[in-house]
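Biologist: Please take me through this model one feature at a time, giving the general idea before the particular case.

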Amino acid sequence: MKLSKEYWQERYSNHETGWDIGSASAPLKEYIDGLSDKSLKILIPGCGNAYEAAYLYEKGFINTYLVDFAEAPLKAFAEKYPEFPKEQLICNDFFNLEGQFDLILEQTFFCALDPALRNDYCRKMSTLLAPKGKLVGLLFNQKFEKEGPPFGGFLEEYKPQFSQFLNIQVLEECRNSIPPRAGKELFMICSEK
Ligand SMILES: C[S@@+](CC[C@H](N)C(=O)[O-])C[C@H]1O[C@@H](n2cnc3c(N)ncnc32)[C@H](O)[C@@H]1O
């Protein structure tokens, strides 16, 4: 049950969604604001309520794919954005996903996975990136006292993990985090190796 599809479904049913900040995070908004090519094929894995997807959609990015194995947030997103292409809302395990993307956005998905899957996450990301594609997002730079999720970590342990499969372009303390996460997260940009 722990960390299974059913576990996450239940978290949504019980409204135990402490990770949900109710909007796209400031660092991701700023990154998106700097993009001009609206045709980019974008993936949001473990998208939850997918505020980044709504932000992208409202800005005219039409090629965004959402993946989550919990149905509830995808259903809620489809109801809120009935025009959003249904075939781009994918209820599946991230690790079963196929395809290639120009941009993959990370927001509290990595920290939701069992840490034993971190190499698999990096390997899978490397296969999902199109040539010149980028994995961009946030990683916690702290450990949590309570048992996860979220599972924390630190810059120095992420570096060797990510660089085994991906080319790290940026991995540094995030300067524009939302206030409750200030000083506790890293901004990351990785590309294909
Ligand atoms: C901590 S939540 C983050 C949701 C969203 N990114 C946010 O920041 O609000 C983690 C999400 O990842 C999803 N998830 C966890 N493991 C997954 C997997 N293997 N495949 C697809 N989705 C997964 C969960 O259902 C949950 O919606």
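Modeller: Helices (H or I, at least four residues) and strands (E, at least two) are DSSP runs, numbered from the N terminus. Read along the sequence, the chain then gives the pattern α-α-β-α-β-α-β-β-α-β-α-β-β, with six helices and seven strands in the protein chain. The model is a predicted one, in which local features need pLDDT of at least 70 and side-chain atom pairs count only at pLDDT 80 or more, while totals for chains, interfaces and linings use all residues. Residues are numbered from 1 along each chain as its sequence is written, and side-chain values use heavy atoms, with hydrogens and water left out.

Biologist: What is the radius of gyration of the protein chain, and what does the globule rule give?

Modeller: The radius is taken over C-alpha atoms, and the rule is 2.2 Å times the number of residues to the power 0.38. For this protein chain the radius is 16 Å, close to the 16 Å that the rule gives for 193 residues, so the chain is as compact as a globular protein of that length. Along the principal axes, its C-alpha atoms fill a box of roughly 45 × 40 × 35 Å.

Biologist: In what order do the strands of the sheet lie?

Modeller: Strands of a sheet pair through backbone hydrogen bonds, either parallel or antiparallel. Here seven strands form an open sheet in the order 3-2-1-4-5-7-6, with mixed pairing, where two strands pair if DSSP finds at least two bridges between them. Strand 3 (89–91) and strand 6 (166–173) stand at the edges with a single partner strand each, so one side of each has no neighbour in the sheet. Neighbouring strands are turned by 15 degrees against each other on average, direction ignored, with axes fitted to C-alpha atoms (for helices over the stretch in contact) and angles from 0 to 180 degrees between N-to-C directions. Strand 4 (residues 101–106) and strand 5 (residues 129–140) pair in the parallel sense over five bridges, and phenylalanine 101 stands opposite leucine 129 in strand 5.

Biologist: Which strands does helix 2 lie across?

Modeller: Taking contact as heavy atoms within 4.5 Å, helix 2 (residues 26–33) lies across strand 4, strand 5 and strand 7 (185–192), at about 155 degrees to strand 5. Helix 6 (residues 155–165) lies across strand 5, strand 6 and strand 7, running at about 160 degrees to strand 6.

Biologist: Which residues come nearest to the ligand?

Modeller: Of the 17 residues around the ligand (a heavy atom within 4 Å), Tyr12, Gly46, Asp68, Gln107 and Thr108 come nearest. For polar contacts, pairs of N or O atoms within 3.5 Å, a backbone N or O atom of glycine 46 lies 2.8 Å from a nitrogen atom of the ligand. A side-chain N or O atom of aspartate 68 is 2.6 Å from a ligand oxygen atom, and a polar backbone atom of glutamine 107 is 2.7 Å from a ligand nitrogen atom.

Biologist: Where is proline 149 placed?

Modeller: Most residues other than glycine have a negative phi, and most peptide bonds are trans. Proline 149 sits in the loop between strand 5 and helix 6, and a cis peptide bond, with omega about 5 degrees, joins glycine 148 to proline 149. The bond from proline 149 to proline 150 is also cis, with omega near 0 degrees. Histidine 15, in the loop between helix 1 (5–13) and helix 2, has a positive phi near 55 degrees.

Notes. A polar contact is a pair of N or O atoms within 3.5 Å; within protein, one must be able to donate a hydrogen and the other to accept it, and residues adjacent in sequence count only if both atoms are side-chain atoms.
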